[in-house]
Amino acid sequence: MNEDSIYELISHNIKKYRKKRGITQAKLAEMVDLSHEFIRRIESPKGKKNFSIDTIYRISVALEVDIDKFFRKK
């Protein structure tokens with residue numbers, strides 16, 4: 001798995017779990033103290049993927065999802 005595909009996988013899973021929880025991008029941004037634009041770029045299939053493990057961790061806490069689920073293909 002190359003760097004781009006791991007970012008894509010994480011992005012897909014962040015969006016999936018956010019929607020599952022019924023949380024908007026704006027609300028998630030507020031919960032993790034990031035801009036709505038940054039969350040939108042993370043989730044966008046065409047957006048540049050550049051986020052830290054700290055960001056992934058904060059999102060996992062906000063969504064109440066074990067961080068390892070962001071790295072799973074299913």
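Is Q25 buried or exposed, and what is its relative accessible area? Q25 is buried, with a relative accessible area of 17%. That value falls under the 20% cut-off for burial. The model behind this number is predicted.

**Overall fold**

The protein chain holds four helices and zero strands. Read from the N terminus, the order of elements is α-α-α-α. A compact globule of 74 residues would have a radius of gyration near 11 Å, and the protein chain agrees, at 11 Å. Along the principal axes, the C-alpha atoms fill a box of roughly 30 × 25 × 20 Å.

Contacts across the sequence are also on record here. Take the contacts in the protein chain with a separation of 6 or more: 56% of them join residues 24 or more positions apart. Of the 74 residues, 39% count as buried.

**Surface and charge**

The exposed area of the protein chain is about 4,900 Å². Carbon and sulfur atoms supply 51% of that area. The chain carries 17 positive and 11 negative side chains. The centres of these two sets lie 7 Å apart.

**Around Q25**

Q25 sits in helix 2, which spans residues 25-32. Its side chain makes a polar contact with the side chain of H36, at 3.4 Å. Helix 3 covers residues 36-43. Setting aside neighbours within four places in sequence, Q25 touches R18, H36, I39, R40 and E43.

**Two residues with positive phi**

D33 and E64 are residues other than glycine, and each has a positive phi. The table sets out their values.

| Residue | Phi | Location | Relative accessible area |
|---|---|---|---|
| D33 | near 60° | loop between helix 2 (25-32) and helix 3 (36-43) | 69% |
| E64 | near 55° | segment after helix 4 (53-63) | 66% |

Where does D33 lie? D33 is found in the loop between helix 2 and helix 3. D33 counts as exposed because its relative accessible area, 69%, is over the 50% cut-off. E64 lies in the segment after helix 4. E64 is exposed as well, at 66% relative accessibility.

**Buried and exposed side by side**

Q25 in helix 2 is buried at 17%. D33, in the loop that follows helix 2 and leads to helix 3, is exposed at 69%. H36, the partner of Q25 in the 3.4 Å side-chain polar contact, is also among the residues that Q25 touches beyond its sequence neighbours.

Definitions and conventions: Residues numbered from 1 in each chain as written. Predicted model: local features only at pLDDT ≥ 70, side-chain atom pairs only at ≥ 80, totals over all residues. Heavy atoms only, no water. Helix = DSSP H or I, 4+ residues; strand = E, 2+ residues; numbered from the N terminus. Rg over C-alpha atoms; globule rule 2.2 N^0.38 Å. Buried < 20%, exposed > 50% of the residue type's maximum accessible area, 1.4 Å probe, protein only. Contact = heavy atoms within 4.5 Å. Areas by Shrake-Rupley, 256 points an atom, 1.4 Å probe, with all protein chains shown as cover. Lys, Arg positive; Asp, Glu negative; His and termini not counted. Charge placed at Lys NZ, Arg CZ, Asp CG, Glu CD. Polar contact = N/O pair within 3.5 Å; in protein donor to acceptor, adjacent residues only side chain to side chain.
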